[in-house]
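Q: I have the structure open and want to go through it bit by bit. Can you take my questions as they come?

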Amino acid sequence: MPLPDGSAVTLNTQTRLCVAFSNLTRAVRLLYGEALFEVAADAQRAFTVTTFGTSISSSAAAFVVRALRRDDVQVMVRDGEVQVAEIARPAAVRLQANTVVRAVIPSRPSVPAALVAEQLAPIEVDRRLSWQRGLLSFEDVTLAEALREFSRYSDTRVLIDEPAISQLRVVGLYSASDPVGFAKTAAISLGLRFEMRDGVAHLNSA
């Protein structure tokens, strides 16, 4: 989607945002979801994204903001430079290309979130952007996490009938629109049993 200043935003599934541009500001509020922002250069107006108490700003960059809940905010920079700050904490973290930062929410509500940054290889940045191509890429995530991600893209349900297998780890590249295909592949690679019952896929130990 083009924005009024020449920037562009690519929305992942189930993403909602509000845009408020003026002669002085370029402001976006990400209500929920994940989006890639490709910011047109403008030294006079910073491009600012706010979500769940986190503020991200840049004058020219390409970055992804993922905000599925307050304790799950991540910012990944593909190109350029951005500043990330918690609204309740004045100090900001400056991120260069191929860097990701996540907000770690403390157990006490009165304590502001801490920002933890990590350097990424360019190939990892590309892997994390595979959703633009209709793909989901998993690198050593739990089976439960992978199925939660699939549930954002399809109404077809895949249920884990035994909690003990939910923590098994999966890797690979899969079509976001084919959770059943993923479940069949996971069953083969993890030694599980796959069943379809009344339109719902089930995974059990073999």
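Q: Let's begin with Val 49. Leaving aside neighbours within four places in sequence, which residues is Val 49 in contact with?
A: This is a predicted model. In it, Val 49 is in contact with Val 28, Leu 30, Phe 37, Thr 54, Ser 55, Ile 56, Phe 63 and Val 65, once neighbours within four places in sequence are set aside.

Q: And which residues touch the most other members in the largest nonpolar core?
A: Phe 37, Val 49 and Phe 63 do, out of 22 residues in that core.

Q: Which strands each supply at least two residues of this core?
A: β3 (26-38), β4 (47-51), β6 (61-67), β7 (73-80), β8 (82-86) and β10 (99-104).

Q: What does the second core include?
A: That one is separate and has 19 residues, among them Phe 138, Phe 150, Val 170 and Ala 186.

Q: Switching to sheets. What's the order of the open one with 3 strands?
A: The order is β13-β16-β15, with mixed pairing. β13 (158-160) and β15 (192-197) are the edge strands, each pairing on one side only. On average, neighbouring strands in this sheet are turned by 25° against each other, direction ignored.

Q: In which sense do β13 and β16 pair?
A: Parallel, over 3 bridges; β16 covers residues 200-205. Ile 160 stands opposite Leu 203 in β16.

Q: Which helix packs on the sheet, touching β13, β15 and β16?
A: Helix α2 (residues 143-150) does, and its direction makes about 155° with that of β13. Helix α3 (residues 179-190) lies across β13, β15 and β16, running at about 150° to β15.

How values were computed: Residues are numbered from 1 along each chain as its sequence is written. This is a predicted model: local features need pLDDT of at least 70, side-chain atom pairs count only at pLDDT 80 or more; totals for chains, interfaces and linings use all residues. Side-chain values use heavy atoms; hydrogens and water are left out. Two strands pair if DSSP finds at least two bridges between them. Helices (H or I, at least four residues) and strands (E, at least two) are DSSP runs, numbered from the N terminus. Axes are lines fitted to C-alpha atoms, for helices over the stretch in contact, and angles run from 0 to 180 degrees between N-to-C directions. Contact means heavy atoms within 4.5 Å. A nonpolar core is a set of buried Ala, Val, Leu, Ile, Met, Phe, Trp, Tyr and Cys residues joined through side-chain atoms within 4.5 Å. Buried means under 20% relative accessible area, exposed over 50%, partly exposed in between (1.4 Å probe, protein chains only).
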